[in-house]
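Reader: Please pick one part of this model and take me through it closely. I care about charged side chains and aromatic rings. Then show me how that part fits with the rest.

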Amino acid sequence: MAKNSDRTFYVTTPIYYVNDVPHIGHAYTTIIADTLARFHKQAGREVFFLTGTDEHGQKIEKAAAEKGLTPKALADSVVTRALDLWKALDISYDFFIRTTMEFHERGVQKLFQKLVDSGDIYKGEYRGWYCVSDENFLPEDVPLDSENCKTCPDCGKKAALVSEETYFFRLSAYRQRLLDHYAAHPEFVRPQSRMNEVTSFVAGGLKNLSITRTTVKWGVPVPGDPGHTIYVWFDALHNYLTGIGYDWDMPLYEKFWPADVHLVGKDILRFHAVYWPAFLMAGGFALPRTVFGHGWWLRDDTKMSKSRGNVLDPEVILKTFGPDPLRYFLLREIPIGQDGNFSHEAFLHRANSDLANDLGNLVHRTLTMIRNYFGGRITGPEGPSAEDLRLETEFEALKARVFDHYESCTVNRALEDIWVYIGGVNKYLADNEPWILARDAGRRPRLARVLLQAAAAIRALGYLVFPVMPGSAAKIWGLLGEEQTPAGVLYADFRFDGFEPGRRTASPEALFPRVDLETFLAEDARGKDGAEAGFDKAHAEPGVESRRPPGPEPRKEARKPMDIITFDEFKRMDLRVAHILKAERIPGATKLLKLEVDIGTETRTMVAGVAETYSPEDLMGKRLIVIVNLKPAVIRGIESQAMLLAAVVDDKAVIPFFDREVPAGTPVK
Ligand code: MSP
């Protein structure tokens with residue numbers, strides 16, 4: 001039975017070495033795979049997502065000896081931590097393979113024997129330089145250094161000279177077949193730039209490959225010649241066959257093989273795009289459709305890796321933010337083929353601006369209005385206007401584009417497009433001003449329509465972001481009173497208007513935490529040791545520290561001894577009742593709101609540092625006290641022409657409102 005490639009999707013990550021626990025670089029590959037797996041399920045395909053660990057070889061043997069452990073004990077402990085990390089990152093793999101699993105070892109021996117039988121593997125003598133860190137033989141043209149040694153050109157570590165009897169794989173015989181395959185299947189290696197590298201490497205000529213070792217004990221024994229163990233890369237690559245049932249669950253294997261995409265870092269592309277297809281050709285297997293070589297996450301422009309000691313432990317980020325902001329950041333920040341520099345600043349910017357502000361606030365304010373104006377259930381909407389319908393038609397176009405982006409692994413583009421639409425929905429609310437509609441009982445049907453459209457749009461957004469942020473998407477759907485998650489609806493069946501009037505929505509909850517950089521860095525430095533993350537405290541708005549926004553004075557300053565002022569001095573302050581006509585967030589500012597207020601004589605714009613205590617909807621229509629003859633200040637590019645009065649409780653503003661109607665402009669004395 002041949003695989004029907006349109007109906008199934010088989011995605012793999014590399015299997016990770018167990019010399020240490022996975023870091024953000026490893027998490028990246030796994031998150032990409034998870035996102036693709038979730039999307040392809042939504043697209044209606046039967047998906048198999050394989051990940052696991054690479055547990056044999058000299059690297060592990062050495063790391064275990066250094067720790068005073070057996071290789072298996074080291075592997076067991078690392079696997080436990082890797083499984084915890086994948087759980088914390090919401091990774092939905094179907095099978096976790098360990099190369100020490102008995103069925104895998106048996107499968108590798110069988111596949112090895114198959115190539116011995118076909119004449120592709122033969123016994124000979126190997127003499128050459130070997131890099132333990134990369135588990136790789138150095139090319140012959142690497143020069144000797146002054147100490148008569150060779151250094152690995154990939155990782156910069158000293159290589160060891162080995163000379164031993166070995167089995168060779170006849171790689172050279174596959175040069176032309178590989179080149180023909182690349183030419184006939186340009187999608188075999190992606191991105192295109194990597195295909196060019198691979199093609200020129202192969203065109204330059206291939207040497208036969210030593211695929212067994214006599215000096216390494218921690219490995220799968222060669223069948224019938226147990227003094228030799230099988231080269232760890234030969235062993236590891238075959239996990240893609242054994243992990244899908246080869247030789248032990250043939251119906252499963254036949255359903256999913258060949259793999260649709262092997263996701264790999266660019267450093268291990270050669271193993272996957274040259275050796276692996278050659279092994280498969282020799283064994284008579286169909287070749288995977290695509291090997292996707294993604295870029296590296298760098299720190300200070302250097303690849304993050306355990307041996308360089310510059311790895312970033314995802315634990316602190318996960319503890320503070322949960323999985324979705326990290327998943328979002330890694331996928332949004334760079335196209336999958338390129339390198340990216342990981343910085344906490346860039347991460348926090350995305351988390352606060354794109355997630356907490358753009359998406360989080362949209363969901364929060366929509367649900368708040370549905371609760372405040374309709375008790376949680378929208379009823380009696382008027383028919384949609386052309387503008388209302390535009391929200392839907394734009395979504396349909398977005399849905400088609402996002403489909404193509406997920407399908408072609410351009411996930412950052414999918415997210416970019418989704419965020420443009422989020423901006424559009426925020427604008428729709430700002431233009432339609434439901435808070436103003438709410439003041440007029442006669443406009444209730446219109447209010448219902450506007451909120452219905454907004455609710456439908458955030459449900460639709462939840463659907464599209466689901467592959468990247470499954471937890472948050474499910475939460476959005478839950479808040480909207482949806483019984484299933486976005487995983488349960490096929491892409492083709494998803495309808496914008498699936499949010500009907502009368503549906504009971506829940507009380508709004510914050511979807512994403514808003515975290516200040518300094519606090520986060522302090523937390524990171526404190527040592528990832530389970531200390532309390534006190535991120536709910538108020539912090540100065542970045543960029544306005546030097547100039548305090550109109551609004552409450554921080555308490556510490558209020559405690560300073562104050563000068564006595566005369567009554568005449570007090571009378572110089574023009575304090576008045578102001579009526580809030582409009583309130584909105586300021587993009588990129590977590591603590592500020594922009595208000596438009598009627599002060600009796602005119603309308604003024606002001607910027608107030610109250611966003612941590614009040615949403616724009618909370619303030620709409622409220623009356624409060626402002627000082628109107630304070631010198632204006634420009635904050636975030638907006639001229640603030642008045643300042644409100646508020647109590648400051650734990651660094652947060654609490655505004656005194658009036659308990660009865662007081663006309664705007666009434667003096668406060
Ligand atoms: N065990 C082999 C893979 C065998 S697959 C049959 C291996 N393991 S690894 O643990 O060293 O690396 C696994 C993957 O993590 C590689 O694809 C590698 O590119 C990726 N990454 C490791 N550090 C990385 C970054 N700093 N950034 C992005 N990915 C990186 O190689």
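**A lysine over a ring, and what lies around it**

Author: Start with Lys266. Its charged end sits over the ring of Trp296, 4.5 Å from the ring centre. Keep in mind that this is a predicted model. A second lysine is placed in a similar way: Lys622 lies over the face of Phe657, with 5.2 Å to the ring centre.

Stay with Lys266 and look at a residue that touches it. Arg194 is in contact with Lys266, and also with Val189, Leu269, Gly293 and Gly337, leaving aside neighbours within four places in sequence. Arg194 belongs to helix 6, residues 192-203. Is Arg194 buried or exposed? Arg194 counts as buried because its relative accessible area is 10%, and the cut-off is under 20%. The side chain of Arg194 also has a polar partner: the side chain of Glu197, at 2.9 Å.

Now step back along the chain from helix 6. Pro191 is in the loop between strand 7 (189-190) and helix 6. The peptide bond that joins Arg190 and Pro191 is cis, with omega at about -10°. A cis bond also joins Trp257 to Pro258, where omega is near 5°. Pro258 lies in the loop between helix 9 and strand 12 (261-265).

Next, the ligand. It is surrounded by 24 residues. The closest are Ile15, Asp54, Gly265, Asp267 and Trp297. Which backbone atoms come close to ligand atoms? Trp297 has a backbone N or O atom 2.8 Å from a ligand nitrogen. For Gly25, a backbone N or O atom is 3.3 Å from a nitrogen of the ligand. For Tyr17, the ligand atom is an oxygen, and the distance from a backbone N or O atom is 3.2 Å.

Back to the rings. The model holds 46 aromatic pairs, counting ring centres within 6.5 Å. One of them joins Tyr253 and Phe285: the centres are 6.5 Å apart and the planes stand at 90°, so this pair is edge-to-face. Tyr253 is part of helix 9 (residues 250-256), while Phe285 is in the loop between helix 10 (269-283) and strand 13 (290-294), so the pair ties together parts that are 32 residues apart in sequence. Tyr253 and Phe285 are both buried.

Other rings form a cluster. Ring pairs link Phe39, Phe395, Phe403, Tyr406, Tyr421, Tyr463, Trp477, Tyr491, Phe494 and Phe496. Tyr406 leads on to the nonpolar packing: Ile418 touches Tyr406, along with Leu398, Val402, Leu461, Leu464 and Val465, residues up to four places away in sequence not counted. Ile418 is in the largest nonpolar core, which has 133 residues. There, Ile418, Phe342, Trp419 and Leu595 touch the most other members. Helix 17 (residues 444-465) gives the most to this core, with 15 residues. A second core is separate and has 65 residues, among them Met195, Leu206, Tyr231 and Met281.

Two residues have unusual backbone signs for your notes. Asp90 is not a glycine, yet its phi is positive, near 65°. Asp90 is in the loop between helix 3 and strand 3, and with a relative accessible area of 29% it is partly exposed. Glu135 also has a positive phi without being a glycine, at about 50°. Glu135 is in the loop between strand 4 (121-131) and strand 5 (136-137). Glu135 is buried, at 2% relative accessible area.

The loop that holds Asp90 has another residue to check. Tyr93 is there too, between helix 3 (71-88) and strand 3 (95-98). Tyr93 is partly exposed, at 28% relative accessibility. Beyond residues up to four places away in sequence, Tyr93 touches Phe49, Thr51, Leu83 and Trp86.

Last, the whole protein. It has 22 helices and 25 strands. Of its 669 residues, 53% are buried. The C-alpha atoms fill a box of roughly 100 × 60 × 40 Å along the principal axes. Among contacts between residues at least 6 apart in sequence, 74% join residues at least 24 apart.

Technical notes:
Residues are numbered from 1 along each chain as its sequence is written. This is a predicted model: local features need pLDDT of at least 70, side-chain atom pairs count only at pLDDT 80 or more; totals for chains, interfaces and linings use all residues. Side-chain values use heavy atoms; hydrogens and water are left out. Rings of Phe, Tyr and Trp (its six-membered ring) pair if their centres lie within 6.5 Å; planes under 30 degrees apart count as stacked, over 60 as edge-to-face and the rest as tilted. Helices (H or I, at least four residues) and strands (E, at least two) are DSSP runs, numbered from the N terminus. Buried means under 20% relative accessible area, exposed over 50%, partly exposed in between (1.4 Å probe, protein chains only). A charge sits over a ring if NZ of Lys or CZ of Arg is within 6 Å of the ring centre and within 35 degrees of the ring normal. A nonpolar core is a set of buried Ala, Val, Leu, Ile, Met, Phe, Trp, Tyr and Cys residues joined through side-chain atoms within 4.5 Å. Contact means heavy atoms within 4.5 Å. A polar contact is a pair of N or O atoms within 3.5 Å; within protein, one must be able to donate a hydrogen and the other to accept it, and residues adjacent in sequence count only if both atoms are side-chain atoms. A residue is near a molecule or strand if one of its heavy atoms lies within 4 Å of it.
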